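Thanks for sharing this one with me. Here are my notes, set out as numbered points so that you can go through them with the model open.

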Amino acid sequence: MSGKLENPPTNEHRDTFISNLKYAVKQLETEGIIGVIEPINNYSLPGYFLNDYKFAIDTIKAIGSDNLKLMVDIFHMQMICGNISNNLKDFAPYIGHVQIAQAPNRNEPCTDGELNYQFILNQINESGYHDFIGLEYKPLTNTAEGLKWIKNFGYEL
């Protein structure tokens with residue numbers, strides 16, 4: 001997590017963020033671990049520093065380590081910049097993990113909202129990401145009911 005700011009970010013904030021990531025990446029490389037950075041939208045978390053996918057990608061490129069990747073939370077991507085299909089293709093080389101939730105209310109992917117998850121899950125697969133997909137949402141009722149959509153989409157837990 002990059003932290004929350006009271007005021008707009010400055011160059012000092014950006015430099016500190018990159019410096020801290022460079023330090024962390026050395027540790028990640030030593031241990032053979034992949035770390036991820038996650039842009040979070042300003043509607044859900046006002047003042048969050050890392051709220052821009054372009055800056056996140058530029059940061060990953062600047063650090064230049066295979067041990068630092070992008071956490072793509074489709075909910076946040078929709079709220080920040082939309083254009084999910086093209087962004088998944090463009091960001092594919094940098095993706096380290098994917099999470100899903102419906103926008104704008106962060107409920108189950110099968111609920112009413114802005115996103116067609118049957119289509120998006122195919123796009124994720126076509127982007128070359130074939131690892132776990134995290135579920136980070138607020139169930140409309142309870143957790144067990146909130147997971148029933150998985151079978152309807154042809155997946156298993």
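1. Let me start with the pair α1 and α2, in what is a predicted model. Their axes lie 10 Å apart, and the two helices pack at an angle of about 50°. An angle of that kind makes α1 and α2 oblique to each other, and their crossing is right-handed. On the α1 side, the contact is made by R14, F17, I18, L21, K22 and V25, while α2 brings F55, T59 and I63. By residue type, this contact of α1 with α2 divides into six nonpolar, one polar and two charged.

2. T59 deserves a look of its own within that contact. This threonine sits in helix α2 and counts as buried, because its relative accessibility is 1%, where the limit for buried is under 20%. Once its neighbours within four places in sequence are set aside, T59 is in contact with F17, I18 and L21. Those three partners are also among the residues that α1 gives to the contact with α2.

3. Next, the interior. In soluble globular proteins, nonpolar side chains tend to be buried together. Here the largest nonpolar core has 41 residues, and V72, I74 and I124 touch the most other members. Two or more residues come from each of α1 (11-31), α2 (53-63), β2 (68-73), α3 (74-80), α4 (84-91), β3 (95-100), α5 (117-126) and α7 (149-152). Which element gives the most to this core? That is α2, with six residues.

4. I74 is a good place to centre the view. Leaving out its neighbours within four places in sequence, I74 is in contact with I84, L88, V98, Q99, I100, L115, Y117, I120 and I124. I84 and L88 in that list belong to α4, and I120 and I124 to α5; these four also take part in the contact between the two helices.

5. That leads to the second helix pair, α4 and α5. Their axes come within 9 Å and cross at roughly 15°. Are the two helices roughly parallel or oblique to each other? With that angle, under the 35 degrees used as the limit, α4 and α5 are roughly parallel. α4 passes α5 in a right-handed crossing. I84, S85, L88 and K89 of α4 meet F119, I120, Q123 and I124 of α5. Sorted by type, the residues of this contact are five nonpolar, two polar and one charged.

6. Now some backbone points that I would look at individually. The peptide bond from A103 to P104 is cis, with omega near 10°, and P104 is placed in the loop between β3 and α5. R106 is found in the loop between β3 and α5 as well. R106 is not a glycine, yet its phi is positive, at about 60°. R106 is also buried, since its relative accessible area is 11%.

7. N83 is another residue other than glycine with a positive phi, in this case near 50°. Its place is in the loop between α3 and α4. Buried or partly exposed? N83 counts as partly exposed, given a relative accessibility of 46%.

8. H76 ties back to R106. H76 is in helix α3 and is buried, with a relative accessibility of 5%. Beyond its neighbours within four places in sequence, H76 is in contact with E38, P39, I40, N41, S44, Y53 and R106.

9. Finally, two pairs that set distance in sequence beside distance in space. Y43 lies in the loop between β1 (35-37) and α2 and counts as exposed, because its relative accessibility is 66%. Y43 and Q27 are 16 residues apart in sequence, and their C-alpha atoms are 33 Å apart in space. K26, in helix α1, is exposed too, with a relative accessible area of 54%. Its pairing with N67 spans 41 residues in sequence and 8.8 Å in space, C-alpha to C-alpha.

Notes: Residues numbered from 1 in each chain as written. Predicted model: local features only at pLDDT ≥ 70, side-chain atom pairs only at ≥ 80, totals over all residues. Heavy atoms only, no water. Core = buried A, V, L, I, M, F, W, Y, C linked by side-chain atoms within 4.5 Å. Buried < 20%, exposed > 50% of the residue type's maximum accessible area, 1.4 Å probe, protein only. Contact = heavy atoms within 4.5 Å. Axes fitted to C-alpha atoms, helices over the stretch in contact; angles between N-to-C directions. Parallel < 35°, antiparallel > 145°, perpendicular 65-115°, else oblique. Left-handed = near helix turned anticlockwise from the far one by under 90°. Nonpolar A, V, L, I, M, F, W, Y, C, P; charged D, E, K, R; others polar.
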